[in-house]
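Q: Could you take a close look at one small part of this model for me? I'd like to know what surrounds it and how it fits in with the strands around it.

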Amino acid sequence: MKKTLILSLAILFCLSLLNTTPCYSFELFKKTNKTEKEIRDFLNDYNKVLEKNDLVTLTRFYDKEYKNDDGYNLEELIVMLDKTSKAFDDIKYDTKIKRIDIRKNCAVVHLEDNTSAKIYPLKKHKNRSKVGILDGKSTSVMYLRKKDGMWQIVYDSVLSEETSLKYGVAKKVDMDLNTPETIENGKDYGVKLEMKTPNRMIAIASLTNEEVNYPPEKYEEKFRRIPSEGILERLVKANDKNKDEYAIASIGFTKVSLNKKERRARIEILGMAYLMKRVNMNNIEPVNEILEKK
């Protein structure tokens with residue numbers, strides 16, 4: 001994020017293992033207040049550095065050889081974060097810790113993230129009427145290890161993710177992109193867009209899917225007019241590589257008027273929107289089995 005449209009805004013954290021027995025294969029242990037405070041302080045500092053886009057300092061929060069559930073390594077993650085910051089210079093991250101499970105020098109943190117930003121077509125001329133609004137939310141599980149007295153992020157798995165970017169009249173239109181939460185390798189699944197088209201406007205949209213890859217691959221868009229009932233559906237085929245995907249809706253709002261003098265129609269673009277929703281492959285393995293493969 002997306003992910004070409006939002007430059008992978010879901011911050012994907014990664015995994016690396018030492019040549020030791022994985023410490024993530026465990027039952028839940030009683031939390032210790034001291035350790036939990038360390039982890040909360042660690043994540044608070046992480047978010048501050050992230051919003052400052054201090055990428056040099058940010059790398060210190062990660063294990064150097066980590067890779068995440070989607071296969072991104074640290075170098076790729078830093079490039080993605082840098083592009084995201086340049087595209088959305090006022091981006092804000094709001095992270096809520098839902099639960100922390102601790103055992104000795106390891107921790108599993110369940111997170112809920114909200115992302116927001118404004119984007120101007122012309123950064124030198126910040127016209128409020130033309131500003132684009134970015135809104136994203138995700139849930140994830142982060143794995144930490146304490147090494148040499150310092151916590152580090154070693155792995156992250158994104159459980160769910162939805163992001164929207166709206167311009168013009170699209171900012172006032174409620175719209176939903178509906179997909180299954182999980183899919184089977186190589187199987188067909190439905191992508192459904194629901195919305196209410198403003199009066200006297202024509203709405204067109206393209207529905208497609210793409211694999212979670214870096215760098216993102218280009219995908220073909222075929223626009224169709226959204227019916228009057230405000231529902232557009234498409235059946236797509238999941239990839240056969242066991243890779244998670246994004247369902248994507250690109251939406252445009254136009255108005256057609258007639259120029260009597262020139263005797264021709266005038267098409268005016270009044271708004272645009274991009275909706276993205278993560279669709280995970282239904283191949284979840286126990287954490288300990290995943291780690292033992294690394």
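A: Let's start with Leu235, which sits in strand β12, residues 231-237. Keep in mind that this is a predicted model. Leu235 is exposed, because its relative accessible area is 59% and the cut-off for exposed is over 50%. Even so, Leu235 has company: leaving aside residues up to four places away in sequence, Leu235 touches Asp188, Tyr189 and Gly190. Take Tyr189: its C-alpha atom is 5.7 Å from that of Leu235, although the two residues are 46 apart along the chain.

Those neighbours point us to strand β9, which covers residues 188-195 and pairs with β12 in the antiparallel sense over 7 bridges. One place to see the pairing is Val191, whose bridge partner in β12 is Arg234.

Now zoom out a little. β12 belongs to an open sheet of 3 strands, ordered β7-β9-β12 with antiparallel pairing. β7 (175-178) and β12 are the edge strands, each pairing on one side only. From one strand to the next, the twist averages 15°.

If you'd like something to set beside that exposed leucine, try the aromatic pairs, of which the structure holds 5. In one of them, the ring centres of Tyr46 and Tyr62 are 6.0 Å apart and the planes sit at 70°, so the pair is edge-to-face. Tyr46 is in helix α1 (residues 33-52) and Tyr62 is in the loop between α2 (55-58) and β2 (67-68), so the pair ties together parts 16 residues apart in sequence. Tyr46 counts as buried at 2% relative accessibility, and Tyr62 counts as buried at 1%.

How values were computed. Residues numbered from 1 in each chain as written. Predicted model: local features only at pLDDT ≥ 70, side-chain atom pairs only at ≥ 80, totals over all residues. Heavy atoms only, no water. Helix = DSSP H or I, 4+ residues; strand = E, 2+ residues; numbered from the N terminus. Buried < 20%, exposed > 50% of the residue type's maximum accessible area, 1.4 Å probe, protein only. Contact = heavy atoms within 4.5 Å. Pairing = 2+ DSSP bridges. Axes fitted to C-alpha atoms, helices over the stretch in contact; angles between N-to-C directions. Phe/Tyr/Trp six-rings, centres within 6.5 Å; stacked < 30°, edge-to-face > 60°.
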